[in-house]
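Me: I'd like to go through this model and ask what backs up each label. Can you set each value against its cut-off as we go?

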Amino acid sequence: MYSGLYTVHTEPCILRYNQDRALLLHLASDVTEAWLPEILFSSPLSHPGPASPGPGACPVYPPLMAPPANMFDNVPGYEGTVPGGGGFLPPPMPMEPVAPPQPGPEPPDWSISALEENVAREAFKRFASSHCCYSDAPATEGVITSMEPFNTYRYRLETFTESRSTEWAHKPYEGEPADFYTQPAPRPWEVQATPPELFNNHTEKIRVPYTSSIKECHTCHAAGTEPCSECHGSGHKSCWVCNGAGVKDGVNCNHCRGTGKDRCSRCDGRGRKECQTCKGKRQLLTYIELKVEWKNNVEDHVVEQNPSLKIDDLRSVTGKELFKNSQYLVYPLLGFPNPAVSQASERLVREHQTNYAQNSRILQQRQTVELIPVTKVNYKWKDNTHVYYVYGNEQKVRADDYPATCCCVIL
């Protein structure tokens, strides 16, 4: 039969909907009103009547709303997606063979100018004046006897990757369309996402099309409110003046008027407050959320030339950029004057292309070589020989044995 509000067929049959997605309902008797929340019928506003079935066939009725959320694990391409998310999804194989990395341009001159004596002296003066307990006498009176360069190479490899992961998510329902199964959902790596500028970290969360469904809020059971956690649903708490006794100093408490109870300020005495999950909407829009993460994976290798300077010291300064090469996949830097740099380049390029290609898509790589100026300065003050180091473009100074310090006492 066909009713004015819903399309209902009362004879035993199978109701089919949404292109081979079958919901099996065997109706042994008339459909009662209690069945309506569990069965999806079509509205005559969108479906003027049942389709013309063939002999002995059951009429086909499209659903009024999306299937319930417990059917989400059937979305093709998203098997195993769970609330809270899982690991990163490996990217699909490229449709065309990936071109091998190409050698970069010939490196320029690897040299750097020697530090001048007056520059080294001025850097030492700035160092002394920056310490309140250091006398400036060694810096101003000391005589430089020799200077030795210990220039240090720093090789840096950057691998810019895109990673994708999925999880079930929900938000308060605010009238968004429930498009679950209206079309096949695009696979995780088919969803369009606009990357940021190269070598810049960025994260974007995208609602996967055709995975959204509406369901009742599981926290408040579609009530829109939940018991107040402050008063446990009673609407009142113990009076803070009389501690719930109703009596203070032998007389009725003036604050609670002898009741021993105080109105709960959190729920305004109602005992219930707005549900934090659905924000009072009673329904949730449940969908698959795609997290796209672009990350610049950076790794340095510093060729330590002098044990008196630590690698941490060199990380705080910059050097002269000798070489920079950016490609989809870079070629190891071979033929470098310092073999340690060539070895580090070959190792890091191999490790990055192996490790990051497993669960992410490499978008671009960049390798850089810097020459950090480091100069050992020997000087003489009061017939004693001392040493300090000037390093980096910032001309920072390290002087572990500064000969004129004092103990400062702050009153």
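Reply: Let's begin with elements: strands are DSSP runs of E with at least two residues, helices are runs of H or I with at least four, and both are numbered from the N terminus. Keep in mind that this is a predicted model.

Me: How many helices and strands does the protein have on that basis?
Reply: Four helices and 18 strands. Strand 12 covers 272–274 and strand 13 covers 283–302, with K279 in the loop between them.

Me: What makes the phi of K279 worth a mention?
Reply: Its sign. Most residues other than glycine have a negative phi. K279 is not a glycine, yet its phi is near 55°, a positive value.

Me: How do you know whether K279 is buried or exposed?
Reply: Neither word fits. Buried needs under 20% relative accessible area and exposed needs over 50%. K279 has 39%, so it counts as partly exposed.

Me: And why is R257 called exposed?
Reply: R257 has a relative accessible area of 75%, and the cut-off is over 50%, so the label holds. This residue also has a positive phi, of about 60°, without being a glycine. You'll find R257 in the loop between strand 10 (251–252) and strand 11 (261–263).

Me: What makes R366 and E158 a salt bridge?
Reply: The rule wants a side-chain nitrogen of Lys or Arg within 4 Å of a carboxyl oxygen of Asp or Glu. For R366 and E158 the N to O distance is 2.9 Å, so the pair passes.

Me: What parts does that pair tie together?
Reply: R366 is in strand 15 (residues 361–372) and E158 in strand 4 (residues 152–172), so the bridge ties together parts 208 residues apart in sequence.

Me: Why is E158 called buried?
Reply: Its relative accessible area is 8%, and that falls under 20%, so E158 is buried by the rule.

Me: How do you know that E230 and R266 belong on the list too?
Reply: Their N to O distance is 3.4 Å, again within 4 Å, so they qualify. E230 sits in the loop between strand 7 (225–227) and strand 8 (236–238), while R266 sits in the loop between strand 11 and strand 12, 36 residues away. At 35% relative accessible area E230 is partly exposed, and R266, at 49%, is partly exposed as well.

Me: Where does the pair R270 and D268 stand?
Reply: The closest N and O atoms are 3.7 Å apart, so this one counts too under the 4 Å rule. R270 is exposed at 60%, whereas D268 is partly exposed at 40%.

Me: How many salt bridges does the count come to?
Reply: 17. K171, E174 and E176 are linked in a network of them.

Me: How many disulfides are there?
Reply: Zero.

Me: Why is C231 not bonded to C267?
Reply: A disulfide needs cysteine sulfur atoms within 2.5 Å. The sulfur of C267 is the closest cysteine sulfur to that of C231, but at 3.7 Å it is too far for a bond. C253 is in no disulfide either, with the nearest cysteine sulfur, in C256, 3.8 Å away. Both residues fall under the 20% cut-off: C231 is buried at 5%, and C253 is buried at 2%.

Me: Which residues touch the most other members of the largest nonpolar core?
Reply: F124, Y388, V390, V397 and Y402, out of 17 residues. Two or more residues come from each of helix 1 (117–129), helix 2 (137–141), strand 16 (374–381) and strand 17 (384–391). Helix 1 gives the most, five residues.

Me: What does V397 touch?
Reply: Leaving out residues up to four places away in sequence, V397 touches A123, F124, F127, Y388, Y389, V390 and Y391. A second core is separate and has 16 residues, including V75, F180, V191 and I206.

Me: What share of the protein counts as buried?
Reply: 38% of its 411 residues.

Me: And what share of contacts join residues at least 24 apart?
Reply: 80%, taken among contacts between residues at least 6 apart in sequence.

Definitions and conventions:
Residues are numbered from 1 along each chain as its sequence is written. This is a predicted model: local features need pLDDT of at least 70, side-chain atom pairs count only at pLDDT 80 or more; totals for chains, interfaces and linings use all residues. Side-chain values use heavy atoms; hydrogens and water are left out. A nonpolar core is a set of buried Ala, Val, Leu, Ile, Met, Phe, Trp, Tyr and Cys residues joined through side-chain atoms within 4.5 Å. Buried means under 20% relative accessible area, exposed over 50%, partly exposed in between (1.4 Å probe, protein chains only). Contact means heavy atoms within 4.5 Å.
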